[in-house]
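Thank you all for coming; I would like to walk you slowly through one structure this morning, beginning with a pair of strands and working outward from there.

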Amino acid sequence: MAAASGVGANPQMWLLCRAGTRLCALAITHVVETMRMPPLEPFLEAPDFIAGLAVVHGDAVPVIATAQLLGGEKEDHPQRLVTIDVGSGRLVALAVTEVIGVHAIASELQRELPTLLRDAAHEAVQALQVRDNELMLFLNGGKLIPESLLDRLDAQKLQT
């Protein structure tokens, strides 16, 4: 399913997804799998952009309402889940509207976010690019959920 998309001297592989009206790219090295949207359980005292917890291969995984995290409306019925490794063997899932596919994108085509936007995105977005007259956001998989929230989830798992 790989396709060339602005391939230059240093292409990297990215999984392209749509979250609401936003086009997003995730480094393929962080992507574990994609799947249909499973049922979600509430996760108490979580930020608004956490849609809940999903059971993925027997583990409780926090699910990010990706469109909402990126400043859009919370989706009522996201169709797909993309699980990513955020380090230390921890998984996080992104609820998305659609998974478009894997594309090679040259790193030199990515533009660093201006400081004001970088602060507003809470480090979740690492770069941007215009692709086919549409803004594409490159997500920073390791910074989507604060470490403190992941620690709370781990503690909650130990209690059950």
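**Strand β2 and its partners**

Let me begin with β2 and β9, which pair in the antiparallel sense over eight bridges, where strands are DSSP runs of E with at least two residues, numbered from the N terminus, and two strands pair if DSSP finds at least two bridges between them. Before I go on, please keep in mind that this is a predicted model, in which local features need pLDDT of at least 70 and side-chain atom pairs count only at pLDDT 80 or more, while totals for chains, interfaces and linings use all residues. Residues are numbered from 1 along each chain as its sequence is written, and side-chain values use heavy atoms, with hydrogens and water left out.

Within this pairing, R18 has E98 as its bridge partner in β9, and the side chains of R18 and E98 also meet in a salt bridge, at 3.7 Å from N to O. By salt bridge I mean a side-chain nitrogen of Lys or Arg within 4 Å of a carboxyl oxygen of Asp or Glu, and the structure holds one. Because R18 lies in β2 (residues 11–19) and E98 in β9 (residues 98–106), the pair ties together parts that are 80 residues apart in sequence. E98 counts as partly exposed, at 37% relative accessibility; here buried means under 20% relative accessible area, exposed means over 50%, and partly exposed is in between, with a 1.4 Å probe and protein chains only.

Turning to β3, we find that β2 and β3 also pair in the antiparallel sense, over six bridges, and that their hairpin has two residues between the strands, with G20 taking a positive phi near 65°. C17 stands opposite C24 in β3, so what keeps these two cysteines from being bonded? The sulfur of C17 is 6.9 Å from the closest cysteine sulfur, in C24, which is too far for a bond. With a disulfide taken as a pair of cysteine sulfur atoms within 2.5 Å, the count comes to zero. Both cysteines are buried, C17 at 2% relative accessibility and C24 at 4%.

From the hairpin I move to the interior, where the largest nonpolar core has 29 residues, of which I64, V82, I84, L94 and L139 touch the most other members. Such a core is a set of buried Ala, Val, Leu, Ile, Met, Phe, Trp, Tyr and Cys residues joined through side-chain atoms within 4.5 Å. Among the elements that give two or more residues to this core are β2, β3, β7 (80–85) and β12 (134–139). Leaving aside neighbours within four places in sequence, L94 has contacts that include L26, I64, V82 and L139, a contact being heavy atoms within 4.5 Å.

Also in β7 is T83, which is buried with a relative accessible area of 0%. Not counting residues up to four places away in sequence, T83 touches H30, V31, V32, E33, M35, V56, V92 and A93.

At the other extreme of exposure, is H57 buried or exposed? H57 is exposed, with a relative accessible area of 67%; H57 is found in the loop between β5 (50–56) and β6 (59–65), and its phi is near 55°, a positive value in a residue other than glycine.

To close with the chain as a whole, buried residues make up 41% of its 160 residues.

Conventions. Helices (H or I, at least four residues) and strands (E, at least two) are DSSP runs, numbered from the N terminus.
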